[in-house]
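These are my notebook entries on one structure. I set down what I looked up, topic by topic.

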Amino acid sequence: MNEFIAYMDEIKKACQAKEPEKRREELKKEWLNKENFLYGAGTLSGFVKKHLDKYDVKIGGFADTFLSGVHKLTGLPIISAKELKAEHDDAAVIVTSELHGKSILKTLADVDFKGKIYNFDELLCFYVIPYDEFLPHIEGYSWAYDTYTDQISRKVLMDSVKSRLLGAEMTPSMRPQYFEPDIFTLNRDEVFVDGGCFIGDTAEEFIRQTKGHYRHIYGFEPDENNIKKAKANLSAYPNIDIAKGGLWHMNNTLRFVSGAFGNSRLSEEGDEIAATYGIDDFFSDKEEVPTFIKMDIEGAEHMAIDGAGNTLKNHAPKLAICVYHKLEDMYDIPKRILYYNPNYKFTLRHYSHWYAESVCYGVCK
């Protein structure tokens with residue numbers, strides 16, 4: 001029996017023992033007959049609310065440090081920490097943000113909130129999928145286990161499976177996301193493609209990593225509000241262009257979901273029209289070619305790789321591609337890359353305490 005199958009047998013036994021179900025029931029009992037509020041009305045708030053609804057957890061509203069009014073996705077009220085303290089001081093508060101969890105706890109401590117607070121990590125048992133839903137992907141994950149080149153990558157892969165099926169917590173890398181110095185180094189002549197530019201935070205980290213010595217940065221972002229913030233954040237740096245649109249397999253136009261902050265994405269259900277760009281098409285009339293491509297584009301990564309096939313084949317840029325938006329990303333994305341250039345080698349690293357934020361690094365050596 002190989003290592004991967006042995007790991008999967010252990011996970012299957014834990015699923016059969018209904019470990020996530022037991023933890024969910026414990027939490028539901030604690031919340032029964034109480035007022036329950038979600039703290040944080042931003043990026044992940046709709047995701048958390050949807051999964052709690054699935055298990056009939058009653059939520060009375062949202063609290064937030066910066067937002068007020070009505071929550072766009074649910075229609076529930078958004079109140080301040082002071083209002084939460086004054087009107088619902090014995091409520092159960094569920095934190096919806098992993099990234100801002102510490103600052104939320106400080107805000108609630110500053111107003112002397114007395115109710116019990118549940119961190120984002122404590123809710124992972126609500127985000128699991130059934131074992132049967134994972135079954136069609138086992139062959140692909142087995143291939144990926146053998147394809148990623150080191151033991152850290154294999155551990156990340158299996159921990160990701162445990163997080164998806166059991167709600168297990170993961171251990172993030174302490175290195176900056178997309179920039180692992182043990183995997184590749186950057187030089188003074190990099191042409192960086194920032195797919196999913198957001199507000200320019202990854203481009204700023206790239207500039208720090210290169211100490212400001214690079215050839216060009218090309219950002220791609222469909223959300224106009226994010227673009228404005230990115231341009232403001234990057235205004236002090238030279239040789240940066242941000243295209244209003246998303247990466248895709250070709251130059252085109254598609255609908256996208258706007259105003260979702262970090263989760264703005266191309267989708268047939270979108271409320272706006274955005275341009276799309278294939279990397280091959282975009283650079284066809286430019287002297288520069290990408291030397292480093294990063295993608296965090298909310299599930300469109302596989303299409304964008306198809307739009308970069310000639311670039312991968314002829315120029316073999318360094319790659320940092322997110323592989324967590326869809327179950328199949330862990331294996332489908334490296335397979336697509338190998339289709340265009342079989343010389344790529346892959347490593348896998350992770351940057352959160354749950355299954356989101358896994359990055360596949362590809363390098364031709």
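I took helices (H or I, at least four residues) and strands (E, at least two) as DSSP runs, numbered from the N terminus. The model is a predicted one, so I kept local features only at pLDDT of at least 70 and side-chain atom pairs only at pLDDT 80 or more, while totals for chains, interfaces and linings use all residues. Residues are numbered from 1 along each chain as its sequence is written, and side-chain values use heavy atoms, without hydrogens or water.

**Entry 1: helix α8**

I began with Leu157, which I located in helix α8. For accessibility I used three classes: buried is under 20% relative accessible area, exposed is over 50%, and partly exposed lies in between (1.4 Å probe, protein chains only). Leu157 is buried because its relative accessible area is 0%. I then asked how many of the residues of α8 are buried. The count is 12 of 16, and the helix is thus mostly covered. Among the buried ones I noted the charged side chains' owners Arg154, Asp159 and Arg164, along with Val156, Met158 and Leu165.

I also checked the length of α8, residues 151-166. The expected span is 1.5 Å times one less than the number of residues. For this helix that gives 22 Å, and the end C-alpha atoms are 21 Å apart, which agrees. Just after α8, I found Gly167 with a positive phi of about 75°. As a distance check, I took the C-alpha atoms of Leu157 and Trp248, which are 91 residues apart along the chain and separated by 26 Å.

**Entry 2: positive phi outside glycine**

Lys18 has a phi near 60°, a positive value in a residue other than glycine. I placed Lys18 in the loop between α1 (3-16) and α2 (19-31). Ala316, likewise not a glycine, has a positive phi of about 45°. Ala316 sits in the loop between α13 (309-315) and β14 (318-322). Is Ala316 buried, exposed or partly exposed? Ala316 counts as partly exposed because its relative accessibility is 29%.

**Entry 3: Thr276**

I found Thr276 in strand β12, residues 272-277. Thr276 is buried, as its relative accessible area is 1%. I looked up which atom its side chain meets: a polar atom of the Thr276 side chain lies 3.0 Å from the backbone oxygen of Met250.

**Entry 4: cysteines**

I searched the whole structure for disulfides (pairs of cysteine sulfur atoms within 2.5 Å), and the search found 0. For Cys125, the nearest cysteine sulfur is that of Cys15, 13 Å away. Cys125 counts as buried because its relative accessibility is 5%. For Cys360, the nearest cysteine sulfur is that of Cys322, 10 Å away. Cys360 also counts as buried, at 1% relative accessibility.

**Entry 5: cavity**

On a 1 Å grid over the protein atoms alone, I took a cavity as a set of points where a 1.4 Å probe fits but cannot get out, with lining residues having an atom within 4 Å of a point. Points are joined across faces, edges and corners, and a volume is the space filled by probe spheres set on the points. The search of the whole structure returned 1 cavity of 30 Å³ or more. The largest cavity holds about 40 Å³ of space. Which residues line the largest cavity? They are Ile293, Met295, Ile305, Ala308, Leu312, Leu319 and Ile337. I sorted this lining with Ala, Val, Leu, Ile, Met, Phe, Trp, Tyr, Cys and Pro as nonpolar, Asp, Glu, Lys and Arg as charged, and the others, Gly among them, as polar. The result is 7 nonpolar, no polar and no charged.

Terms used. On a 1 Å grid over the protein atoms alone, a cavity is a set of points where a 1.4 Å probe fits but cannot get out, and a pocket is an open set with protein on both sides within 12 Å along at least five of seven lines; lining residues have an atom within 4 Å of a point. A polar contact is a pair of N or O atoms within 3.5 Å; within protein, one must be able to donate a hydrogen and the other to accept it, and residues adjacent in sequence count only if both atoms are side-chain atoms.
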